[in-house]
Protein chains: 2
Amino acid sequence: MPEPAGADDGLLVRITPRGADRAPRAAEGKRAAIARAATELFLAQGYQATSTEQVASTAGVSKQTVYNQFGDKERLFREIVLGVTATAEAFADALAGSMDDLDSPAGLDAALRALARRYLTTVVSPQVLALRRLVISEATRFPDLAAAYYERGPARVLAALGDLFADLVGRGLLRVGDPTRAASDFAFLLLGRVLDEGMFRVAGPVPTPAEIEASADHAVEVFLGR
Amino acid sequence: MPEPAGADDGLLVRITPRGADRAPRAAEGKRAAIARAATELFLAQGYQATSTEQVASTAGVSKQTVYNQFGDKERLFREIVLGVTATAEAFADALAGSMDDLDSPAGLDAALRALARRYLTTVVSPQVLALRRLVISEATRFPDLAAAYYERGPARVLAALGDLFADLVGRGLLRVGDPTRAASDFAFLLLGRVLDEGMFRVAGPVPTPAEIEASADHAVEVFLGR
DNA sequence: GTCTATAGCAGGATAGAC
DNA sequence: GTCTATCCTGCTATAGAC
């Protein structure tokens, strides 16, 4: 049976491999459309303020299809939140290998500044801040989900940074006592203020590249001992 | 008319001045009881999960009395949140005057460590973390309230710390370029990690005094340049 | 001013036709 | 598997007796 004419909910249909035997195209497309709609709505409005009916109509399906695909609202929410943390994993991997080609202590300063800019730019994005707010909002109701998010997201990135610092220490490029603690110091010197403000100033202005550069340079300067 | 026997909701009645003509004692007592119950329930469960009926029964009054006293649920919530920030004001004032008797640079290190311990102890308390979580949870629904909380709470304390640092610089006890930025650096070096973890690990273990002391000492050490 | 009772409504979840 | 129609619970807010 062909798609009804006039429907423009087929954006993600191409993800489905051609000619797959199980999981017909239409089903995968609808599941993906529901996930996209739910992600958008949860991030913008929160868990409670988003109704399953709203998710269904935004995705262009009926409410019952949402329940068929995801069971109930809570499972839909969990799948959305943990799905988004996959991007944090990719970011942590990118950080970990970002100084492989550094071979002299002289280049450390510039390399750290570049890393700081990337790190800060990622964290201050409205999407990341909205996700943090969303998870914190439901931390009382779903404590295990909040803990899982923290492990896969912020803690994973911090650990990658700690590994990177330990590697730099081993290669004689950086001198710190405890690389793990140094990573934490560096991260919050860099991110603490914007993360704090970002939680309370909803839809506030995103820092300009110039502001990000200045903040990153300042954090590196303080971290390396003024 | 005397208080009914067996009622133990009169804890805050003494706040009412004796013999006040307007605002009879009973009314003030009930209003305070409602405020206490609402504070407790909002902090523990959040805004949406707390019903006005629950507030009424916890306070020992009827639902209608809650509406008579506070108008509606939203106004009750706003009054609770902004009321709690009064304690932040007191804390900021205490910080500001905490180094008035310091007169030699040699004592700076110890004085900063003491300040750091008090600051950290206050911020990691379950009440403060719960309040942060509560305000962030409703930041999308009540953006102006979240901004007001931030101004009266965290930002006010940061500003007081900046003033203190500026004063220390003026008296030749501390050398930093920009006292405001230095205050921010110091604060997030000290608080960043526990604040971040505290948002996601609900009902997690409160740091012991020994852990707080170690964190405070470390932050001061890094801040003063290792 | 306070209580009991209730209106009015929204949202999660399901039943049954196709 | 999907859609339409519906049930039922729980919540905010109000009306009316005292």
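In the predicted model, the buried residues of helix α5 of chain A are covered by elements that include α6 (108–123), α8 (143–152) and α9 (154–170) of chain A. The helix itself spans residues 86–96, and its buried residues are A:A88, A:A92 and A:L95. Seen down the axis of α5(A), these residues fall within an arc of 60°, so they line one face of the helix. An α-helix has 3.6 residues a turn, and residues three or four places apart therefore point the same way. On the other side of α5(A) lie A:A86 and A:A90, both of which are exposed.

The fold of chain A as a whole is helical, with eleven helices and zero strands. From the N terminus on, the order of elements is accordingly α-α-α-α-α-α-α-α-α-α-α. Chain A has 226 residues, of which 35% are buried. When contacts in chain A are restricted to residues at least 6 apart in sequence, 65% of them join residues at least 24 apart.

The arrangement of the two protein chains was examined by superposition. A turn of 180° with a shift of 0.0 Å along the axis lays chain A on chain B with an RMSD of 0.1 Å. This relation is that of a two-fold axis. Within chain A, the C-alpha nearest the axis belongs to A:S137, at 2.0 Å from it. The same surface serves both copies, since 97% of the contact residues of chain A recur in chain B.

Both chains also take part in the surroundings of DNA strand D. In total, 18 residues surround this strand, and the closest are A:S62, A:Q64 and A:T65 from chain A together with B:S51 and B:D72 from chain B. The elements that give two or more residues to the surface near DNA strand D are α1 (25–45) and α3 (63–70) in chain A, and α2 (52–59) and α3 (63–70) in chain B. The greatest contribution to this surface comes from α3(A), which gives five residues. By class, the surface near DNA strand D comprises eight polar, six charged and four nonpolar residues.

Definitions and conventions: Residues are numbered from 1 along each chain as its sequence is written. Chains are lettered from A and ligands numbered from 1 in the order in which they are written. This is a predicted model: local features need pLDDT of at least 70, side-chain atom pairs count only at pLDDT 80 or more; totals for chains, interfaces and linings use all residues. A residue is near a molecule or strand if its C-beta atom, placed from the backbone, lies within 6 Å of it. Helices (H or I, at least four residues) and strands (E, at least two) are DSSP runs, numbered from the N terminus. Ala, Val, Leu, Ile, Met, Phe, Trp, Tyr, Cys and Pro count as nonpolar, Asp, Glu, Lys and Arg as charged, and the others, Gly among them, as polar. A residue is buried if 20 or more other C-beta atoms lie within 10 Å of its own, exposed if 12 or fewer, and partly exposed in between; C-beta atoms are placed from the backbone. Two residues are in contact if their C-beta atoms, placed from the backbone, lie within 7 Å. Copies are superposed by least squares on the C-alpha atoms of residues with pLDDT of at least 70 in both. The arc is that of the directions from the helix axis to the C-beta atoms.
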